[in-house]
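Here are some exercises to work through with the model open beside you. Try each task before reading its solution.

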Amino acid sequence: MPGNEEAGSETVSSLGHPSPTIRLSTLGVLKSALGRIRRDPVLAVPFAFVGMVVALVDWLRQHDSVPMAPTDALSQSVSVNYAVFPQGTARTVRHVGALVDLETRYLLWAVGLEVLVPLAVGIAGWVTITRVLDTHSGPRALSRYLVALAAVVSIPQLLGGFSVDITGFLSGLMLLAVALFVLTRLFLLPALLVTGSGFVTALRQSYRRSRGRGMTIAGLIIVIGLAYWGLATVPVAGGFLSTAVVAPIHAVAIGTVFSTGSRETASSPADHIESGDARSDESQ
C-alpha cells in the first residue's frame, strides 16, 4: 500500500496511525516512531526549533546576574529523566528562591525566560502530536495542554527539583517502581488532551487505556528517560540534543500507542457484530 513502510514487524499508515499488524512492544513502538519521523521529517521541526530555544536559555542563565544551578539529574550517575509531556532536559535550572527580592527588571527578565521554555515546548508537543494523530485541535485543547504542562513543570520546580536515580540501591529501585507505575498511567494524557478531552476525563482515560500495556509503556519511559538524560549530559549542546532528538520520538511514541488503542476500541463493536451475523447465518 502506498505510504506504508516496514519498521521491524510493524507498519504505519500514511496518516500516522499504526496498522492492525503493529506489535505493541517497546521496541516495536520505537521503531514505528522512528519510521514515522523518517517518512515525515516535518514532525522533527517543532522540537528542533525548541531545542535551539532551550540551548539559548541555558546560555543566558549562565551569563546573566540571576542565580542558576545545574539541572539536578546531570549530577546523578544514571538518571531516568522522564516527563509526562514531551520536552527536553535543559542543562541549567533556576529555582523559585532565586527570584526572591529581585529588582523588577531582573524579575521580569528571569520570569520571562522561565515562561518561554515551557510555552515553546508545549506548543511544539501539541503541534507534533496533533500531526501524528491527524486530528484537528482547537484553541481550547491547546490551552488545556499548556495548563497541564505548566503544572507538571512547576511542581518539581517548587519542590526544588526531582529525578529518579537508579544507582542500584533498593530504595532507589522501589522509588523507580512507584514512579513507573504513576508515569505509566499518565503516558497517554498528552494525546487525550490534544484530542479535546477535559482534564478529569483525560486522566481517567489515560489510566484505563494504559492497563494491559504496563510493560510496554514502562519500557518506553525508561528508554526515553535515559535518552533525555544521556544527551543532556553532552557539554554545551546537551539541552539542544535532548530536546531536538528525543522529544519528537517521545511525542510520536505517545501518538503510536494512543492510535493503536483507538483502533482496538473501534474494532471491537464491529467484531461483535460480525460474529453475531455469522451465528445468525448459521442458524438459518
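Read along the sequence, the protein runs α-α-β-β-β-α-α-β-α-α-α-α-α, with 9 helices and 4 strands. Helices (H or I, at least four residues) and strands (E, at least two) are DSSP runs, numbered from the N terminus. The model is predicted: local features need pLDDT of at least 70, side-chain atom pairs count only at pLDDT 80 or more, and totals for chains, interfaces and linings use all residues. Residues are numbered from 1 along each chain as its sequence is written, and side-chain values use heavy atoms, with hydrogens and water left out.

**Exercise 1. The core**

Find the residues with the most contacts inside the largest nonpolar core, and list the elements that give two or more residues to this core.

Solution. Start with the terms: a nonpolar core is a set of buried Ala, Val, Leu, Ile, Met, Phe, Trp, Tyr and Cys residues joined through side-chain atoms within 4.5 Å. Buried means under 20% relative accessible area, exposed over 50%, and partly exposed in between (1.4 Å probe, protein chains only). Of the 284 residues, 45% count as buried. The largest core holds 55 residues, and Phe85 and Phe187 have the most contacts inside it. Two or more residues come from each of helix 1 (26-39), helix 2 (45-63), helix 3 (104-133), helix 4 (139-158), helix 5 (170-185), helix 6 (189-194), helix 8 (214-232) and helix 9 (238-283).

**Exercise 2. Around Phe85**

Work out which residues Phe85 is in contact with, leaving aside neighbours within four places in sequence, and describe its aromatic pair.

Solution. First, take contact as heavy atoms within 4.5 Å. Phe85 then touches Tyr145, Ala148, Leu149, Val152, Leu189, Pro190, Leu193 and His250. Next, check the rings: those of Phe, Tyr and Trp (its six-membered ring) pair if their centres lie within 6.5 Å, with planes under 30 degrees apart counted as stacked, over 60 as edge-to-face and the rest as tilted. The count comes to 1 aromatic pair. Phe85 and Tyr145 form an edge-to-face pair, 4.9 Å centre to centre with 85 degrees between the planes. Phe85 lies in the loop between strand 2 (79-80) and strand 3 (92-93) and Tyr145 in helix 4, so the pair ties together parts 60 residues apart in sequence. Finally, look at burial: Phe85 is buried at 1% relative accessibility, and Tyr145 is buried at 0%.

**Exercise 3. Helix 7**

Where do the buried residues of helix 7 fall when seen down its axis?

Solution. Begin with length: the expected span is 1.5 Å times one less than the number of residues. For the 12 residues of helix 7 (residues 199-210) that gives 16 Å, which agrees with the 16 Å between its end C-alpha atoms. Its buried residues are Ala202, Ser206, Arg209 and Ser210. They fall within an arc of 90 degrees, so they line one face of the helix; the arc is that of the directions from the helix axis to the C-beta atoms. After helix 7 comes Gly212, with a positive phi near 85 degrees.

**Exercise 4. Positive phi**

Is Asp101 buried or exposed, and what is its phi?

Solution. As background, most residues other than glycine have a negative phi. Asp101 has a positive phi near 65 degrees. Asp101 sits in the loop between strand 3 and helix 3 and is exposed, at 77% relative accessible area. Now compare Asp134, in the loop between helix 3 and helix 4: its phi is positive, near 55 degrees, and Asp134 is partly exposed at 40%.
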